[in-house]
Amino acid sequence: MNNGHQDAPLGFRLDTKLIPICSIVPLKPLRKATRQSQKFQQITASIRTIGLVELPVVAPNPLDDGTYLLLDGLMRVEILRDLGAEDVECLISTDDESYTYNKRISRLSAVQEHMMIVRAVEHGVSEDRIAEALNLEATSIRRRFRLLDGICPEVATLLSDKTCPMVVFEILKRMKPLRQIEAAELMSGHRTFTTQFARALLHATPDDQLVKPMVTGRKPDITREQISKLERELSLVQSRTMFAEETYGIDNLHLTIARGFLNKILSRPNIVRWLNIQQPEYLAEFQRIGDIDRIDFDPATVTGKTHESAPAPDRR
């Protein structure tokens with residue numbers, strides 16, 4: 001039954017193809033620094049241990065029959081070449097457009113990595129094998145496996161897609177559940193998930209909201225009252241920032257319309273000459289507005305620059 005909708009064209013062929021590595025033409029060289037990175041070492045260990053998981057993407061080379069342009073998977077192909085492989089199974093793209101491949105990579109968060117490790121262990125994969133595949137120590141795998149022990153479910157959900165260091169979760173475990181939620185909301189509101197910020201929130205936490213009271217041998221440089229005041233001010237700044245984000249788009253739209261109208265008016269010499277004689281202060285402000293590219297929170301940027309290089313209108 002045809003409802004008048006045309007099927008969307010497929011971006012790939014439905015079948016894969018085994019292609020000689022020597023017939024694959026990279027669109028860019030692999031940098032030397034990339035070979036020395038931890039990510040390159042992890043992918044090497046994964047391919048050596050369990051094989052290729054994600055297939056490279058290639059497109060037929062229109063300038064040379066029998067060769068293929070490598071759209072995605074440069075590191076994987078180079079690793080296979082280093083390991084002595086002669087062929088690699090590839091996805092065949094129906095065009096040579098590489099813009100959409102790997103341009104918006106979503107890195108795994110600590111919680112997502114934890115869930116993957118837990119699922120692998122539940123399916124019978126040993127910690128040693130996971131460590132070998134990820135090029136990590138077995139102790140690091142066990143640490144990731146126990147990441148959410150002591151973390152309340154609300155915090156785990158809130159930080160599930162945030163790139164938090166594992167140390168942040170260890171700091172949150174020292175707080176009671178309600179305080180964990182408050183700290184996680186503050187970090188999310190400020191979009192700051194650093195260890196330093198988490199430690200600052202820990203030091204601002206009263207002893208009755210900690211799992212175990214902190215024992216310090218010296219007098220703190222800042223009192224809890226001061227830290228609590230700072231936390232309230234941070235919450236106020238957060239609410240103001242959220243309000244600014246909500247109105248930023250419509251304010252920029254109004255600015256664009258106003259700039260277009262004023263620039264059209266200021267492009268007429270007669271009007272500029274009249275304003276310069278009758279209302280020079282208006283002319284200066286109109287010129288400043290016409291030079292503003294976007295609304296910024298910096299007053300100096302909002303003010304913008306005047307047309308200093310423009311010739312002065314004829315007053316005669």
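This report describes a helix packing, the cysteines and an aromatic pair in a predicted model.

## Packing of α4 against α6

Two packed helices are described by the angle between their axes and the distance between the axes. For helix α4 (residues 110-122) and helix α6 (residues 138-145), the angle is about 105 degrees and the axes lie 8 Å apart. Angles of 65 to 115 degrees count as roughly perpendicular, and α4 and α6 are therefore roughly perpendicular to each other.

On the α4 side, the contact involves E113, H114, I117, V118 and V121, which meet I141, R144 and F145 of α6. Sorted by class, the residues in this contact of α4 with α6 comprise five nonpolar, one polar and two charged.

## Cysteines

Zero disulfides are found in a search of the whole structure. C22 is exposed, its relative accessible area being 70%. C164, in contrast, is buried, with a relative accessible area of 7%.

## Aromatic pair

A search of the whole structure yields one aromatic pair. The pair is formed by Y282 and F286 and is tilted, with 6.3 Å centre to centre and 45 degrees between the planes. Planes under 30 degrees apart would count as stacked and those over 60 as edge-to-face, so an angle between these limits is classed as tilted.

Both residues belong to helix α13 (residues 280-291), where Y282 and F286 are four residues apart and thus separated by about one helical turn. Y282 counts as partly exposed, at 46% relative accessibility. F286 also counts as partly exposed, at 27% relative accessibility.

Technical notes: Residues numbered from 1 in each chain as written. Predicted model: local features only at pLDDT ≥ 70, side-chain atom pairs only at ≥ 80, totals over all residues. Heavy atoms only, no water. Axes fitted to C-alpha atoms, helices over the stretch in contact; angles between N-to-C directions. Helix = DSSP H or I, 4+ residues; strand = E, 2+ residues; numbered from the N terminus. Parallel < 35°, antiparallel > 145°, perpendicular 65-115°, else oblique. Contact = heavy atoms within 4.5 Å. Nonpolar A, V, L, I, M, F, W, Y, C, P; charged D, E, K, R; others polar. Disulfide = S-S within 2.5 Å. Buried < 20%, exposed > 50% of the residue type's maximum accessible area, 1.4 Å probe, protein only. Phe/Tyr/Trp six-rings, centres within 6.5 Å; stacked < 30°, edge-to-face > 60°.
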